[in-house]
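The following exercises concern cavities, pockets, a helix and cysteines. Each task is followed by a solution in steps.

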Amino acid sequence: MTTQLKVYDESAVKALCSTRANEKKAWQAMSLLDTHVDVQQALVDAAEFGMRYVLLGICEDIGPKANLGNGGASEAWPAFLSKFLNQPHNQFIATQKVLLLGEVHVDDLMAQSNLLNNKNPEQLQQLRLLCQQLDERVESVLNLIFKAGLEPIVIGGGHNNCLGIIRAFSGSQHTPVNAINFDPHADFRECEGRHSGNGFRYAYNEKLLNNYHVIGLHEQKNNQAIIDAMTQANFTFDSYQSLKVKRDITLTQSIDKAINSFDSLPLGIEVDLDSITFMPVSAYTCCGFSVSDTEHFIYKAASNRNAKYLHLCEASPSQHPNGPEIGSTHVGQVISALVNSYLLAKESECSFK
């Protein structure tokens, strides 16, 4: 077993699961990995037995803190599981093809990060070094999933984790890849040390990112250097203002335009929950998109046959104005809906172009 991965067995999730007479829950249709077999071989076996999607959690907030932001993104994964596992299993959701793998091992990194203050320049640098270590762990775990031919659905943590995912994705495909990101921020800040605001910039500099498009980029939340760097890289965006304020283009048109502009290289779907209005996240917003908009974005993007992963990040239950308990319910429901949208698109063969 890899030391970078906590593989779940039944005891790890039992406390989260509920039952109801005459009703099959999602957790009862899903699969867990055989913990007695080498992880890579077990994933290959799972794919042969009909598994297609892998749920993986990352319980960290190192990246957002290293970006001078708030903590709490470490709480999104358990909030999601408590809702997703207990939804009814029926003909509309293919949970029988979902493998609940576990989570990236980050306990030691989190313990170190919790002693650091991102207002202190030296400690901020230490946070960024921890984020760099986290990149390596995320990449190592994602390598296992992609090599088995499975599609990861990665939940929790900051948007810094896009780099580890893209490294593994590109490596498994032996080519640079494309990414479409639903996000008010381009996450294309300078390479000043790793954090949640520059994962795509690092991926570009490492020649892993062929094409990159941001939908919903907020014109007042990205500095000019970021916009200039995007332009120099020939990367594109449709801003929040063009979509929601000026209404120059609809969300559907924006997604279609972006997807059609990509070549046939493998595609990653990225969603920063900061894009959703009133969502408890690392960077709370009153000016964003609805949950249904985000569901639609994922459905449309995932309907492209080149799409091979979904990454949902930055949700932070403790940032809810009414407290973490309500925040956990809010986050769990929203992320479950977004995962369901991905599964719906992937299982709807008629949606493929």
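For the classes used below, Ala, Val, Leu, Ile, Met, Phe, Trp, Tyr, Cys and Pro count as nonpolar, Asp, Glu, Lys and Arg as charged, and the others, Gly among them, as polar. The model examined here is a predicted one.

**Exercise 1.** Determine which residues line the second largest pocket, and how they divide by class.

Solution.
Step 1. The second largest pocket encloses about 180 Å³ of space.
Step 2. Its lining consists of Glu-10, Val-13, Lys-14, Cys-17, Trp-27, Met-30, Ser-31, Leu-32, Leu-85 and Leu-100.
Step 3. Sorted by class, this lining has 7 nonpolar, 1 polar and 2 charged residues.
Step 4. At least two lining residues come from each of helix H1 (10–13) and strand E2 (31–32).

**Exercise 2.** Describe the largest pocket by volume, lining and class.

Solution.
Step 1. The volume of the largest pocket is about 310 Å³.
Step 2. Its lining comprises 20 residues, and Asn-67, His-185, Ser-196, Asp-274 and Ala-283 are those nearest the centre.
Step 3. The lining divides into 5 nonpolar, 9 polar and 6 charged residues.

**Exercise 3.** State how many cavities of 30 Å³ or more the structure holds, and characterise the second largest.

Solution.
Step 1. There are 2 such cavities.
Step 2. The second largest cavity has about 30 Å³ of space.
Step 3. Among the residues lining this cavity are Pro-184, Tyr-240, Asp-274 and Cys-287.
Step 4. By class, the lining has 4 nonpolar, 4 polar and 1 charged residues.

**Exercise 4.** Explain why the buried residues of H13 line one face of the helix.

Solution.
Step 1. Helix H13 covers residues 291–302, and its span of 16 Å from first C-alpha to last is close to the 16 Å expected.
Step 2. The buried residues in H13 are Asp-293, Thr-294, Phe-297, Ile-298, Ala-301 and Ala-302.
Step 3. Viewed down the axis of H13, these residues fall within an arc of 155°, so they line one face.
Step 4. In general, an α-helix has 3.6 residues a turn, so residues three or four places apart point the same way.

**Exercise 5.** Establish how many disulfides there are, and where Cys-162 and Cys-287 stand.

Solution.
Step 1. A disulfide requires a pair of cysteine sulfur atoms within 2.5 Å; the count is 0.
Step 2. Cys-162 is in no disulfide, the nearest cysteine sulfur being that of Cys-313, 7.6 Å away.
Step 3. Cys-162 counts as buried because its relative accessibility is 0%.
Step 4. For Cys-287, the closest cysteine sulfur, in Cys-286, is 6.1 Å away, too far for a bond.
Step 5. Cys-287 has 42% relative accessibility, so this residue counts as partly exposed.

How values were computed
Residues numbered from 1 in each chain as written. Predicted model: local features only at pLDDT ≥ 70, side-chain atom pairs only at ≥ 80, totals over all residues. Heavy atoms only, no water. Helix = DSSP H or I, 4+ residues; strand = E, 2+ residues; numbered from the N terminus. Expected span 1.5 Å × (residues − 1). Buried < 20%, exposed > 50% of the residue type's maximum accessible area, 1.4 Å probe, protein only. Arc of directions from axis to C-beta. 1 Å grid on protein atoms, 1.4 Å probe; cavity = no way out; pocket = protein on both sides within 12 Å on 5 of 7 lines; lining within 4 Å. Points joined across faces, edges and corners; volume = space filled by probe spheres on them.
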